[in-house]
Amino acid sequence: MNKILDPIKNIFKIKELKRKILFTLLIFLVFRIFAHIPVPGVDTKALKNFFAQSQFLGLLDIFSGGTLANFSIMALGLNPYINASIIFQLLTMIFPKLEEISKEGEAGKQRINQYIRFVTLPLAALQSLGMYALFKNQGIIGGLSPLSLLALVLTMVGGTLLLVWLGELISEYGMGNGTSLIIFAGIVGRMPISLGQTLMTTGSQSIFNILIFLILAIIVIMATVVIDEATRKITIQYAKRIRGGKMYGGQATHLPLRINQAGVIPIIFSVSIVLLPGILGRFLEQVPNPLIFSFAQGIGNLFNPNGFFYNATYFILIIGFTYFYTAVTFNPQKIAGEIQKHGGFIPGIRPGTPTAKFLNYILVRITLVGAIFLGVIALLPSLARVATGVTTMMLGGTGILIVVSVVLETVKQLESMLIMREYEGFLK
């Protein structure tokens with residue numbers, strides 16, 4: 001027990017770490033206060049029912065930190081900022097100029113972040129208008145005058161920029177990655193509410209199902225930790241070189257290839273595509289033509305979120321996007337060139353093209369494990385509903401994946417800072 005409590009005690013003994021943790025908690029408090037300030041003129045009861053029927057909006061609510069379901073002034077959350085970040089991450093791989101800027105150290109990183117903020121503005125405005133149109137068609141919000149609509153858009157855009165600013169404050173003065181921690185705080189903040197709703201609706205007769213649900217959640221957390229930390233280590237040997245009478249190199253190191261290189265991004269891309277036919281079907285059902293109406297109903301039935309075809313398509317898309325995103329972010333040819341440039345080689349593999357082929361061979365196989373894992377995580381809400389019968393507290397695999405990843409990242413940062421303090425104390 002002392003081994004667990006001692007690091008926690010040591011954290012609060014260090015003034016700098018204590019200040020960072022308290023500052024992060026203060027930002028969490030500010031975020032949760034703003035998350036409960038609603039936009040006026042919204043039928044909150046109809047809004048909650050609408051979110052309960054839409055998996056896509058439920059996923060967006062996760063990344064908004066729970067503010068979208070309340071339609072607060074931060075309803076868009078960090079979604080526009082995350083979308084802009086993904087866009088620039090892909091553009092950096094395509095355009096050499098952006099890649100050069102990203103390699104300019106801290107100055108290049110700040111320039112890229114500035115571009116991301118510029119793109120966040122129009123994306124937030126477009127998403128505000130789209131959200132208003134969607135809620136207006138569902139009768140959740142009434143018609144607004146042009147001036148009121150402009151005020152609504154500016155309020156939602158301002159809420160997103162405020163949230164981005166709070167995340168950057170955490171990154172600079174707090175502990176961990178601010179964007180990830182804001183999402184983490186939103187997911188964790190909704191858990192007591194979901195648990196309370198589950199206990200009120202199910203009663204004592206479903207306590208056994210809730211226990212099954214909690215056991216499944218623990219298993220998922222353990223599996224997420226294992227997969228998130230799992231790597232395939234490729235041995236890299238560096239040749240010995242003699243310069244000026246001194247010998248350099250000759251040591252061996254490892255190139256770690258993560259099983260889950262893509263994170264949750266394939267889930268985001270896949271759910272956006274697989275829900276498009278259902279949204280299109282709902283739109284076509286309003287057309288008075290009987291033939292089009294029948295076609296729309298067929299699409300709606302085929303892509304029912306509880307149906308086999310929908311879930312199978314969703315699973316296949318996740319596997320495909322996992323391979324696509326991994327191929328974009330990890331270039332075996334480039335890595336092989338860097339290894340050869342620094343005089344390294346993989347034992348038994350020739351430098352250059354053979355090394356690139358070997359890395360690609362390994363990457364294709366370990367990515368399959370990560371892709372299947374992401375697919376199972378994404379389908380967990382449907383599987384949990386069937387296994388437990390609990391519908392009010394969904395086993396959000398994507399949310400669990402985010403929470404576990406953020407906790408692991410933050411703990412590693414804390415450990416590194418503690419180790420650094422120990423070395424400083426030793427040197428003194």
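**Exercise 1. Find which residues have the most contacts inside the largest nonpolar core, and say how many residues that core has.**

Solution. Let's start in the interior of this predicted model.
- Step 1: The largest nonpolar core has 68 residues, and Ile234 and Tyr314 have the most contacts inside it.
- Step 2: The element that gives the most to this core is helix α16 (residues 353-388), with 10 residues.
- Step 3: Apart from this core there is a second, separate one of 14 residues, with Ala75, Met131, Tyr132 and Ile140 among them.
- Step 4: Now look around Ile234. Beyond its neighbours within four places in sequence, Ile234 is in contact with Thr253, His254, Leu255, Leu257, Ile346, Phe358, Leu359 and Ile362.

**Exercise 2. Work out the order of the strands in the open sheet, and which strands stand at its edges.**

Solution. A little background helps here.
- Step 1: Strands in a sheet are paired by backbone hydrogen bonds, in a parallel or an antiparallel way.
- Step 2: In this open sheet, three strands follow the order β4-β1-β5, with antiparallel pairing.
- Step 3: β4 (252-258) and β5 (344-345) each have a single partner strand, so they stand at the edges, and one side of each has no neighbour in the sheet.
- Step 4: Trace one pair: β1 (residues 231-238) and β4 are joined over seven bridges in the antiparallel sense. Within the sheet, Ile236 stands opposite Thr253 in β4.

**Exercise 3. Decide for Leu26 and for Met74: buried, partly exposed or exposed?**

Solution. Take the two residues in turn.
- Step 1: Leu26 sits in helix α2 (residues 15-35).
- Step 2: The relative accessibility of Leu26 is 47%. Since buried means under 20% and exposed means over 50%, Leu26 counts as partly exposed.
- Step 3: Together with Leu29, Ile33 and Ile37, Leu26 makes a nonpolar surface patch of about 360 Å².
- Step 4: Met74 is found in the loop between α4 (55-63) and α5 (79-94). Its relative accessible area is 0%, so Met74 is buried.
- Step 5: Met74 also has a distant partner in sequence to check: Phe34 is 40 residues away along the chain, while the C-alpha to C-alpha distance is 7.0 Å.

**Exercise 4. Describe the whole chain: how many helices and strands are there, and what percentage of residues count as buried?**

Solution. Now zoom out.
- Step 1: The chain has 17 helices and five strands.
- Step 2: Of its 428 residues, 39% count as buried.
- Step 3: The accessible surface is about 23,700 Å², and carbon and sulfur atoms hold 67% of it.
- Step 4: Among contacts with a separation of 6 or more, 71% link residues 24 or more positions apart.

Definitions and conventions:
Residues are numbered from 1 along each chain as its sequence is written. This is a predicted model: local features need pLDDT of at least 70, side-chain atom pairs count only at pLDDT 80 or more; totals for chains, interfaces and linings use all residues. Side-chain values use heavy atoms; hydrogens and water are left out. Two strands pair if DSSP finds at least two bridges between them. Helices (H or I, at least four residues) and strands (E, at least two) are DSSP runs, numbered from the N terminus. Patches are made of residues with over 30% relative accessible area and no salt bridge: like charges are joined within 9 Å, nonpolar side chains (Val, Leu, Ile, Met, Phe, Trp, Tyr) within 5 Å. Accessible areas come from the Shrake-Rupley method with a 1.4 Å probe; for residues, only the protein chains shown count as cover. A salt bridge is a side-chain nitrogen of Lys or Arg within 4 Å of a carboxyl oxygen of Asp or Glu. Buried means under 20% relative accessible area, exposed over 50%, partly exposed in between (1.4 Å probe, protein chains only). A nonpolar core is a set of buried Ala, Val, Leu, Ile, Met, Phe, Trp, Tyr and Cys residues joined through side-chain atoms within 4.5 Å. Contact means heavy atoms within 4.5 Å.
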